[in-house]
Amino acid sequence: MTEIAPRVPVDGVAVTAIGVAVIRARESERLDRLYDDPMARVFVDAARRGFTAQRWEQLLRLADEFYEGRTVGVRLVDDRVREALNAGIAQIVLLGAGLDTRAFRMSMAAETAVFEIDLPETFAFKEMVLDSAGATPTCARHVVVADLRGNWRDKLLDSGFRTDIPAYWVDEGTLGFLTQQWSQQVVATLTELSAPGSRFGAGRYIAEPDNPRYRDLRSLVASESASSTAADPAVSDFDVEQWLTDLGWNTEFHSWNDMVAGLGRAVDLPDAHAGNIAAVRR
């Protein structure tokens, strides 16, 4: 019988999920790893077959450039997920889940519901690879095929999401700096869906749209024909904390340097205002 190869997302925003899998696979191979993600290497090996040699090298170079900060970021989100679970939160929603495998690798309880929201092209690849590997989640995993720029709310509810119990909403960069109208609308929607005690975290960093690695990333995502398209810079006068407070969240800021202090990685930032805004629904 001929094995059917998964369709690999080699361009568009979905390709960033491959790059993050490369980073997670690399971290998992270290003796001093911050986390262990066995499925990351499976995704990388499956994805490699869909890329030209030149484009794969471009992706690997970018993964190297983003590796240090991004891999530490994965660990920090792992820690926040564990905190939410330990606090009794039984719903985890991954916004722009990509090739995330927390439902498989974090030993969540069977009664925990994990909702993964992402584009159809991402899941077309992801689910076939998971099935081929015989991967089994430890919790109740729900695939929600939806574009966050569209009507993802109804699809999440149809997947079994409950608005009467708290949830932890995970964003690992999909929503950017919350300065664009569509990302603010996502947060407004998840606020409406959140029972008191729900949690959400927003990043606060200085945008570097002209940094060479971000230009290279836009080139990889948009394809060479659109490599000159610039990303929208962060709006410096937009007060995310006040906005979240007005929406109905209590907020607490945690600086990046404080969060990474005990991880043994040289990823300190010169900007003391960079970090995460942890929000709890009132």
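User: Leaving out residues up to four places away in sequence, which residues does H273 touch?

Analyst: This is a predicted model, where local features need pLDDT of at least 70, side-chain atom pairs count only at pLDDT 80 or more, and totals for chains, interfaces and linings use all residues. Residues are numbered from 1 along each chain as its sequence is written, and side-chain values use heavy atoms, with hydrogens and water left out. H273 sits in the loop between helix 10 (256-260) and strand 7; helices (H or I, at least four residues) and strands (E, at least two) are DSSP runs numbered from the N terminus. Counting contact as heavy atoms within 4.5 Å, H273 touches R204 and F253.

User: Is H273 buried or exposed?

Analyst: Buried means under 20% relative accessible area, exposed over 50%, and partly exposed in between (1.4 Å probe, protein chains only). H273 has a relative accessible area of 54%, so the label is exposed.

User: And R102, buried or exposed?

Analyst: R102 belongs to helix 4. Its relative accessible area is just 2%, so R102 counts as buried.

User: Which side chains make polar contacts with the side chain of R102?

Analyst: A polar contact is a pair of N or O atoms within 3.5 Å; within protein, one must be able to donate a hydrogen and the other to accept it, and residues adjacent in sequence count only if both atoms are side-chain atoms. R102 has one such contact of 2.7 Å, with E172. Another, of 2.4 Å, is with D100. That gives E172 and D100.

User: What is the phi of S107?

Analyst: S107 is in the loop between helix 4 (102-105) and strand 2 (113-118). Most residues other than glycine have a negative phi. S107 isn't a glycine, yet its phi is positive, near 55°.

User: Why do the buried residues of helix 9 line one face of the helix?

Analyst: The buried residues in helix 9 (residues 240-247) are V240, W243 and L244. Seen down the helix axis, they fall within an arc, taken from the directions from the axis to the C-beta atoms. They line one face because that arc is 95°.

User: What covers those buried residues of helix 9?

Analyst: The cover includes one helix and some strands. Among them are helix 7 (181-193), strand 5 (199-204), strand 6 (249-255) and strand 7 (275-281).

User: At what angle do helix 1 and helix 3 pack?

Analyst: Axes are lines fitted to C-alpha atoms, for helices over the stretch in contact, and angles run from 0 to 180 degrees between N-to-C directions. Helix 1 (residues 15-28) and helix 3 (residues 53-86) have axes 8 Å apart. The angle between them is about 65°.

User: How do the residues of that contact of helix 1 with helix 3 divide?

Analyst: On the helix 1 side, V15, I18 and R24 are among those meeting helix 3 residues, including W56, L59 and R70. Ala, Val, Leu, Ile, Met, Phe, Trp, Tyr, Cys and Pro count as nonpolar, Asp, Glu, Lys and Arg as charged, and the others, Gly among them, as polar. The split is twelve nonpolar, two polar and five charged.

User: How many charged residues are in the contact of helix 2 with helix 5?

Analyst: M39, V42, F43, A46 and A47 in helix 2 meet F125, K126, V129, L130 and A133 in helix 5. Nine residues there are nonpolar and none polar, and the charged count is one.
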